Amino acid sequence: MAANRRPTLADVAREVGVSAKTVSRVLNEDGPASAQTREQVLAAVAKLGFQPNLMARNIRVGGPDTTIGLVIPDLGNPFFGAVARSIEDTVRDRGLTLLMGSSADDPGRERALTDKFLARRISILLVVPSVGADHSHLKTHRVTGLPVVFIDRPGVGLATDSVVSSNRTGAHDGVAHLIAHGHRRIGFVGDLPTKLYTRRERLAGYRAALREAGLPYDRSLVSNAHDQHGASAVTSQLLGLEDPPTALFAGNNIVALGIVTELARIHRKDVAVVAFDDVALAEALEPALTVVAQDAEEIGRTAATTALARLDGDRARARTVTVPTRLIVRGSGERSPAVPQGS
């Protein structure tokens, strides 16, 4: 066998001195083979480093692969990383392997990625939907038994299970916390695009908290950013208003990093901040960051267990599971508004 070529079934058969069909029977445990032959085949497999092509076998016999496909929008976002890790931990005991890819929040890229997963005959498909994506193309796969679960955001064009955070309630609680500490001018920095489900739900929670407190909704206090640099720029713009906010609510963890970076750069320690979603090293910031924390582990675990139940035959109606958030008080959201000079 050439040193630069991956070993094949034929190489194993040649090493043992049996037919390729015999090697296949041993590896797939789908036919008779003596104990001696089995021992020789497995020894040759180990010696040559042969890896069976499970995908080819599953296509040949018409069965699903032992993999789960997960589509997320951003591989670098710690929240989605935590969700993926929880999914992987949950399915590992079932002998399933997680395959993951990033859509970059692009519907076309999401479709191409899901098509590649489907071509592998995956056992389960988990998707964080992109804005503008149409999931009706998955109907046939869903009807024929493929478990499909949407994570973090509902999909479009397909009635199937979803697992989301309590976005509206969580944002409401975070903004109400700022109001309780005396703030009346509270800026909102949300994600982009503005049609994003989580952004819309969190803005609705922000508005609800203002309404309950009898405070007006001021469009000039609402901005958006999709990355840390953009959030820093938006923070500067909001604080430069003629009547600037005394507190800021960050719509996600990436936005929060941009906000606290800008506040540190301009040495503003008088602006209160509450962030939706926790941030790595949040307790190391000065002051430590108050957050509305999502339970990424529970979201991943619930998505995985829901999909596994479908795989095991659960045919109940599609359902949406909402995972609660919790307010973690650390210091940045408890600052009272600065008293104007001369008052």
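**Entry 1: a pair of residues to start from**

I began with one residue and found that Ser162 stands opposite Thr320 in strand E11. Ser162 belongs to E5, and I noted that E5 and E11 run parallel and are joined by four bridges. I keep in mind throughout that I am reading a predicted model.

On the other side of the pairing list, I looked up strand E4 (residues 148-151), which runs parallel to strand E5 (residues 161-165) and is joined to it by three bridges. Here Val149 stands opposite Asp161, while Phe150 stands opposite Ser162. Ser162 therefore turns up in my notes with a partner in E11 as well as one in E4, and I recall that strands of a sheet pair through backbone hydrogen bonds, either parallel or antiparallel.

**Entry 2: how enclosed is E5?**

I asked myself how many of the five residues of E5 are buried. Five of the five are, so the strand is largely enclosed by the rest of the structure; for this I took buried to mean under 20% relative accessible area. When I sorted the side chains by direction, Asp161, Val163 and Ser165 pointed one way and Ser162 and Val164 the other way, and all of these are buried.

**Entry 3: the sheet around E5**

Next I traced the sheet itself, an open one of six strands in the order E2-E1-E3-E4-E5-E11, with parallel pairing. Strand E2 (97-102) and strand E11 (320-323) stand at its edges, and because each has a single partner strand, one side of each is left without a neighbour in the sheet. Ignoring direction, I noted that neighbouring strands here are turned by 20 degrees against each other on average. Helix H12 (residues 296-311) packs on this sheet, where it touches strand E3 (124-127), E4, E5 and E11, and its direction makes about 170 degrees with that of E5.

**Entry 4: the other sheet**

I then turned to another open sheet of six strands, ordered E7-E6-E8-E9-E10-E12, in which the pairing is mixed. Which strands stand at its edges? I found strand E7 (222-224) and strand E12 (326-328) there, each with a single partner strand, so one side of each lacks a neighbour in the sheet. The twist from one strand to the next averages 20 degrees.

At the E7 end, strand E6 (residues 186-190) pairs with E7 in the parallel sense over three bridges, and Phe188 has Val222 in E7 as its bridge partner. Helix H8 (residues 167-180) lies across E6, E8, E9, E10 and E12, and I noted that it runs at about 170 degrees to E9.

**Entry 5: a closer look at E9**

Strand E9 (residues 272-276) has five of its five residues buried, so I wrote it down as largely enclosed by the rest of the structure. Both of its faces are covered, with Ala272, Val274 and Phe276 on one side and Val273 and Ala275 on the other.

Strand E8 (residues 247-250) pairs with E9 in the parallel sense over four bridges, and Leu248 has Val273 as its bridge partner in E9. Together with helix H11 (residues 253-265), E8 and E9 make a right-handed β-α-β unit. E9 also pairs in the parallel sense with strand E10 (residues 290-293), over three bridges, and there Val274 stands opposite Thr290.

**Entry 6: how far to trust the model**

Last, I checked the confidence: the mean pLDDT of the protein is 90, and 92% of its residues reach 70 or more. Over residues 59-63, however, pLDDT stays under 50, and the model has six contacts beyond four places in sequence for them. Where pLDDT is low, the predicted coordinates should not be read in detail.

Conventions. Residues numbered from 1 in each chain as written. Predicted model: local features only at pLDDT ≥ 70, side-chain atom pairs only at ≥ 80, totals over all residues. Heavy atoms only, no water. Buried < 20%, exposed > 50% of the residue type's maximum accessible area, 1.4 Å probe, protein only. Helix = DSSP H or I, 4+ residues; strand = E, 2+ residues; numbered from the N terminus. Pairing = 2+ DSSP bridges. Right-handed = clockwise from strand over helix to strand, strands pointing away. Axes fitted to C-alpha atoms, helices over the stretch in contact; angles between N-to-C directions. Contact = heavy atoms within 4.5 Å. pLDDT = per-residue confidence, 0-100.
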